[in-house]
Structures are given as C-alpha cells and as structure tokens.
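Here are some short exercises on how helices and strands pack together. Have a look at the structure first, then try each task before reading its solution.

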Amino acid sequence: MSRQMPPRKRAQVAFASAVILLFLSGVATYLTIVRLLESEKWVVHTHKVQAALGSVDSTVVTVERACSGFVITGGADFLSSFEVALSKVSQALQNLRELTGDNPEQQKLCTRLEELTARRVDLFRESVELKMTAPQDQQGQADVSRRGLPLGSEITSTMQQMRDEEQRLLGARTASSKRLFILAVVVLMVTFILALIMFSVHYQLLTAELDARERAERTVRDSEKSLRSLTGRLLQLQDEERRRFSRELHDSLGQYLAAVKMNLDMFSNSQPSNKFLSEAIHLLDQSIAETRTISHLLHPPLLDEAGFSSAAKWYLDGFAQRSGIAVKADLPNDLGRLPKSFGRSAFTAIPLRRLPKPVELGLFRVLQESLTNIHRHSGSSRAEIALKLFPDKVVLAVRDFGHGIPPEQLKNFEAVGTNFGVGLAGMRERLRELGGQLEIRSAHGTIISVTMPLRESAKAVDASAGD
C-alpha cells in the first residue's frame, strides 16, 4: 500500500502543475496568435488585390475617356492625358500580377486580362492615330468603336471573375481569423482557469502546512512554558528542602552534638589530663562548627532574619576563609528604605526591612553559584561584588579576574543555555521565574550581572501598607 504524499510535496506538485499549465498556455497562445496574424495578413492581402483590380479598371476607364475626348475635340490636353494614362495601365497590371503570384488560378485570369487590355489599348491607339491622320473619318472611328465593344465586355467579365475569387478567399480567410481568435481566447481562458485552480490548491496546501507548523510551534512554546514552570517549581522545592535540611541539622543534629559536648565537658572536668578526651572534645567542636556551616550554607538564617546584605557579608567572609580568594564587596548597609521616587510619596516614610523574600533568595543563590564557579574554574585570586538599588530594580554584579569564558561557549550559552553545566542554567531559570535577567560578559575575567525588577514588589508592599 503506497504512502500518502506529504503536504509539502503535494503543494510543490500543485505549484509545478500551475507553472507548467501557464507555460503551455503561453506556448499555445503564441502559436495561435502567430497563425492569427498570418491569417490577418492574408485578409489584408485580399483587400490589396481587390484594390489593385479597382486600380486597373479605373486606369483603363481613364485611358478610354482621354481617347474619346481627343477624338471628339482633338485637344492636346486629352492627348497628353491619354499618354500618361497608358503608362499607368502597365504599372497597374504589373502590381496585380505580383499580388496574385500565390494563386495560380488568379494568375491565369491575370494573363487573360493583360492580353485583353493590350488589345483594347491597341484599339485606343488606332483611334487616336486615325483622328490625327483623318480627322473627318467618322466611319473609321465607328468601326474602331465597334471592335472595342466585345473586348470591353471580356475585360469586365475577367475582372469580375477575379473579384469573385478574391471575395471567396476573403470570406474563407476572415472566417479562419475569427476561428483562430476564438481559439486563442478559449485557450487563454481554460489554461488561466486551470492555473488558478492549481494555485488555489497550492495555497490551501501551503496554508495547511503553515497552520500545522504554527500548531507545532505553539505546542513547543506551551511545552517550554510548562517546562519553565516545572523548573521554577523544582527550584522552589529545592529551596524548601534546603531550608528543611538546614533546620534539621541545626535543631536536631546540632542540638545532639551540643548535648554531647556538654557531657564531655563535664566529664573532662573530672579527668583533666586525659589526652584522648581532649582530642575528642576538639573534634566534636569542629563537628559542631562544620554542622553549623553546612546548615548555614544550605539556607543561612541571616537571610530570613536580617536580609540579603547581612547574609551576603557573612557568606563572603566564610568563602574568603575557605577558598583563599580575596573578596571586595560593595553592599549597601541600609536596605530599610526605598528611594523617594519609588512608589507614592506616603510610602517613603514606611520602613522596608528587606527586599522581597523571593528577590533576596534569588540574589543569594546567584551569589553562591557565581563564587563557586570562580573558585572552581576561573583561577582568579580575587573577586568583586557590588549591589546597586534603583527605583525599579536591583542589580547584582559578580566579577573575577581569571581566565574568562571563550566567546564560542558564551554565544552558545546565550543561544541555548548549554556548555556550562546546570549551575548557570538553573540560575537563569530561577531569575526568569522572578522576571529577572542574567548577563554574562567575558573581558579580563568574567562579569556576571543580574537585574531583578522591584516595581511589582513595591506595589504589593505599598498596597499592603495602605490597607
């Protein structure tokens, strides 16, 4: 069982068929017009033959009138007109023979007409000479006129036969021209209609393909939106899980370790010189400190209690001690009030203890991931952190002075978000959920710039304050 032709292939076939029909229409129309023009040329030729016959007839009549005028009056003007008319008779007959060269029947009649006309002209000459030699010879003139009557009748009959033949040809050629014209119109109409039908089919198939593509793109967009929402939800669950682990480490394991420490301290008071006990207490102190550090790294309590600046400074101090990387931080000490241009005037007197919690958490995770990448990949011995607050946004910039990022990898990340693992990709998805933007530049190191909008958060705080 043959497979059905794909829509794009059907559209291409329809378009190709329409083009072929238009081409065939053009060829057929060209051939028809050529034949039509040729037929029209023969119609014009027939009219020229008829005009030539009329010219021969009028020239012979002119010769006859000039001859009669000279015989009656003997005037020199008539004689001069007679000589001029005689020269035109031969020219008219020659033109007629050339025009009828394509018709053997007309050539025979033309030969007969030339012979009769020559005999008639000879009689005209004889009448003129008789007038000049014997002006009073009326009997001779009557005899010449009597001999010319049958010749005139034969000339008229021959010319009428030629006219009838040309009229027949004219009718046939005119009918042929009409038929060819009708055929040309029909060919044009039929091919044009067929071409329109094929173009319509092509348009419908193309429209169907575009609709299918739009549906596919819409499905992809919906899938990307769903995936983005799922990613945001996963990040949210990850933060909640980190917060829960942090709390569990602090409240359960930390408390247990603290209780063990108290018991060991009490026991050590009774055994002051026990080396192993002192070492165990020291290791327990390190375990408590490491547990507290892990708990705070998972979710620093300062982030919930004092806001981003305090949590960031605490994290930067610990990062510098652990990694040996000198960190220069430019963080505002007071995020408690928004600028006066931020929201309505009454709002400026309302303390803002902190940035919106989602913004604080997003900024802190970006700071963590950026410093982790600096420690692992940059090879830089120092880093700079700067946080700037604007009326409608907050900007966090993290800079190192290490190897930088190759331009090809940076372009690929900007296009599809790959080649950098899941850290930066997750960072960008987190910011996208919050309406923020992530920008990465590589110049004498790497600069990661994060812009988070605050306008909507300020409106929410403003509305709650108004309530």
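The exercises below deal with a predicted model.

**Exercise 1.** Work out how helix H7 and helix H8 are oriented to each other.

*Solution.* Start with the axes: those of H7 (residues 308-323) and H8 (residues 357-378) come within 11 Å and cross at roughly 15°. Angles under 35 degrees count as roughly parallel, so H7 is roughly parallel to H8. Then check the hand: the crossing of H7 past H8 is right-handed.

**Exercise 2.** Find the residues that make the contact of H7 with H8, and sort them by character.

*Solution.* On the H7 side, look for Phe-308, Ala-311, Ala-312, Tyr-315, Leu-316, Phe-319 and Ser-323. H8 contributes Glu-360, Leu-363, Phe-364, Leu-367, Gln-368, Leu-371, Thr-372 and His-375. Sorting the residues of this contact gives ten nonpolar, four polar and one charged.

**Exercise 3.** Describe the sheet: what is the strand order, and which strands lie at the edges?

*Solution.* The five strands run in the order S1-S2-S3-S5-S4, forming an open sheet with mixed pairing. S1 (326-330) and S4 (437-442) are the edge strands, each pairing on one side only. From one strand to the next, the twist averages 10°. Now zoom in on one pair: S2 (residues 382-389) and S3 (residues 393-400) are antiparallel, joined over seven bridges. Here Ala-383 is opposite Asp-400 in S3.

**Exercise 4.** Place the two helices on the sheet: which strands does each one lie across?

*Solution.* Take H7 to begin with: H7 lies across S1, S2 and S3, at about 165° to S1. H8 lies across S2, S3 and S5 (446-453), and runs at about 10° to S3.

How values were computed
Residues are numbered from 1 along each chain as its sequence is written. This is a predicted model: local features need pLDDT of at least 70, side-chain atom pairs count only at pLDDT 80 or more; totals for chains, interfaces and linings use all residues. Side-chain values use heavy atoms; hydrogens and water are left out. Axes are lines fitted to C-alpha atoms, for helices over the stretch in contact, and angles run from 0 to 180 degrees between N-to-C directions. Helices (H or I, at least four residues) and strands (E, at least two) are DSSP runs, numbered from the N terminus. Angles under 35 degrees count as roughly parallel, over 145 as roughly antiparallel, 65 to 115 as roughly perpendicular and the rest as oblique. A crossing is left-handed if the near helix is turned anticlockwise from the far one by less than a right angle, and right-handed if clockwise. Contact means heavy atoms within 4.5 Å. Ala, Val, Leu, Ile, Met, Phe, Trp, Tyr, Cys and Pro count as nonpolar, Asp, Glu, Lys and Arg as charged, and the others, Gly among them, as polar. Two strands pair if DSSP finds at least two bridges between them.
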